[in-house]
Amino acid sequence: GVRSVGQQIRSWRLLSSRLTLAELIRTIITDKGLTAIYSSHPNGMQRLANMEKLIEISRRFQAEGNGALREFVRYCLDMAEEEEEEGEALLVSEGESPICLMTVHAAKGLQFPMVIIPDLNRRPP
């Protein structure tokens, strides 16, 4: 009931001081079983992609020197109030290549099944 929800919120608040924002969001997704719930939902793939996008937004927010959960919530609320919406995460359609090109700095902390770093044998000038 309401008591268990309150206990869960308190436990997440305690974790918020020890985890990064991305880790906290991932913990909440796991605790609530959202991946399993959305996997069987008609629009589930989009919802799962949107959750991953939220995690990426939290990583960028924290990488810019921000970090407090309260600041991130305010940032998300401000984004929601802006005229231009962030938009949903892009889904890769069948037949498209799910390759993401990014700098090593931007990829820091992300998990990919395969990473290719070109020009590792190149000598610096």
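A crossing of two helices is right-handed if the near helix is turned clockwise from the far one by less than a right angle, and left-handed if anticlockwise. Keep that in mind for the helix pairs below. The model is predicted.

## Overall make-up

The protein has six helices and zero strands. Read from the N terminus, its elements run α-α-α-α-α-α. The chain has 125 residues, and 16% of them count as buried. Now take the contacts between residues with a separation of 6 or more. Of these, 50% join residues 24 or more positions apart.

## Helices α1 and α2

Start with helix α1, which covers residues 2-16. The axes of α1 and α2 come within 10 Å and cross at roughly 155°. That makes α1 roughly antiparallel to α2, because angles over 145 degrees count as such. The crossing of α1 and α2 is right-handed. On the α1 side, the contact is made by Gln8, Trp12, Leu15 and Ser16. On the α2 side, Leu24, Thr27, Ile28, Asp31 and Lys32 take part. The residues of this contact divide into four nonpolar, three polar and two charged.

## Helices α2 and α4

Helix α2 also meets α4. Their axes come within 8 Å and cross at roughly 155°. So α2 is roughly antiparallel to α4. From α2, the contact involves Leu21, Ala22, Ile25, Arg26 and Ile29. From α4 come Met51, Glu52, Leu54, Ile55, Ser58, Arg59, Phe61 and Gln62. By type, the residues of the contact of α2 with α4 are eight nonpolar, two polar and three charged.

## Helices α4 and α5

The third pair is α4 and α5. Here the axes come within 11 Å and cross at roughly 120°. That angle makes α4 oblique to α5. The crossing of α4 and α5 is right-handed. In α4, the residues in contact are Leu54, Ile57, Ser58 and Phe61. They meet Glu71, Phe72, Tyr75, Cys76 and Met79 in α5. The residues of the contact of α4 with α5 divide into seven nonpolar, one polar and one charged.

## Two salt bridges

Side chains of opposite charge can pair when their charged atoms come close. How many salt bridges does the structure hold? The structure holds two. The table lists them.

| Acidic residue | Basic residue | Closest N to O distance |
|---|---|---|
| Glu52 | Arg26 | 2.7 Å |
| Asp78 | Arg74 | 3.0 Å |

Take the pair of Glu52 and Arg26, whose side chains meet in a salt bridge. Glu52 lies in helix α4 (residues 44-63) and Arg26 in helix α2 (residues 21-32), so the pair ties together parts that are 26 residues apart in sequence. Both residues also appear in the contact of α2 with α4. Glu52 is partly exposed, at 38% relative accessibility. Arg26 is partly exposed too, with a relative accessible area of 33%.

The salt bridge of Asp78 with Arg74 sits within one helix. Asp78 and Arg74 are four residues apart in helix α5 (residues 69-81), so about one helical turn separates them. Asp78 has a relative accessible area of 34%, which counts as partly exposed. Arg74, at 44%, is also partly exposed.

## Two residues to look at

Is Phe61 buried or exposed? This residue lies in helix α4. At 6% relative accessibility, Phe61 counts as buried, because the cut-off is under 20%. Which residues does Phe61 touch, not counting those up to four places away in sequence? They are Leu21, Asn66, Gly67, Ala68, Glu71, Phe72 and Tyr75. Phe61 takes part in the contact of α2 with α4. Phe61 also belongs to the contact of α4 with α5. Its partner Tyr75 is 14 residues away along the chain, and the C-alpha atoms of Phe61 and Tyr75 are separated by 8.8 Å.

Now turn to Val73, which lies in helix α5. Val73 counts as partly exposed, at 41% relative accessibility. Val73 and Ser58 are 15 residues apart in sequence. In space, their C-alpha atoms are 9.8 Å apart. Ser58 itself is one of the α4 residues that meet α5. Ser58 is also among the α4 residues that meet α2.

Methods. Residues are numbered from 1 along each chain as its sequence is written. This is a predicted model: local features need pLDDT of at least 70, side-chain atom pairs count only at pLDDT 80 or more; totals for chains, interfaces and linings use all residues. Side-chain values use heavy atoms; hydrogens and water are left out. A salt bridge is a side-chain nitrogen of Lys or Arg within 4 Å of a carboxyl oxygen of Asp or Glu. Helices (H or I, at least four residues) and strands (E, at least two) are DSSP runs, numbered from the N terminus. Buried means under 20% relative accessible area, exposed over 50%, partly exposed in between (1.4 Å probe, protein chains only). Axes are lines fitted to C-alpha atoms, for helices over the stretch in contact, and angles run from 0 to 180 degrees between N-to-C directions. Angles under 35 degrees count as roughly parallel, over 145 as roughly antiparallel, 65 to 115 as roughly perpendicular and the rest as oblique. Contact means heavy atoms within 4.5 Å. Ala, Val, Leu, Ile, Met, Phe, Trp, Tyr, Cys and Pro count as nonpolar, Asp, Glu, Lys and Arg as charged, and the others, Gly among them, as polar.
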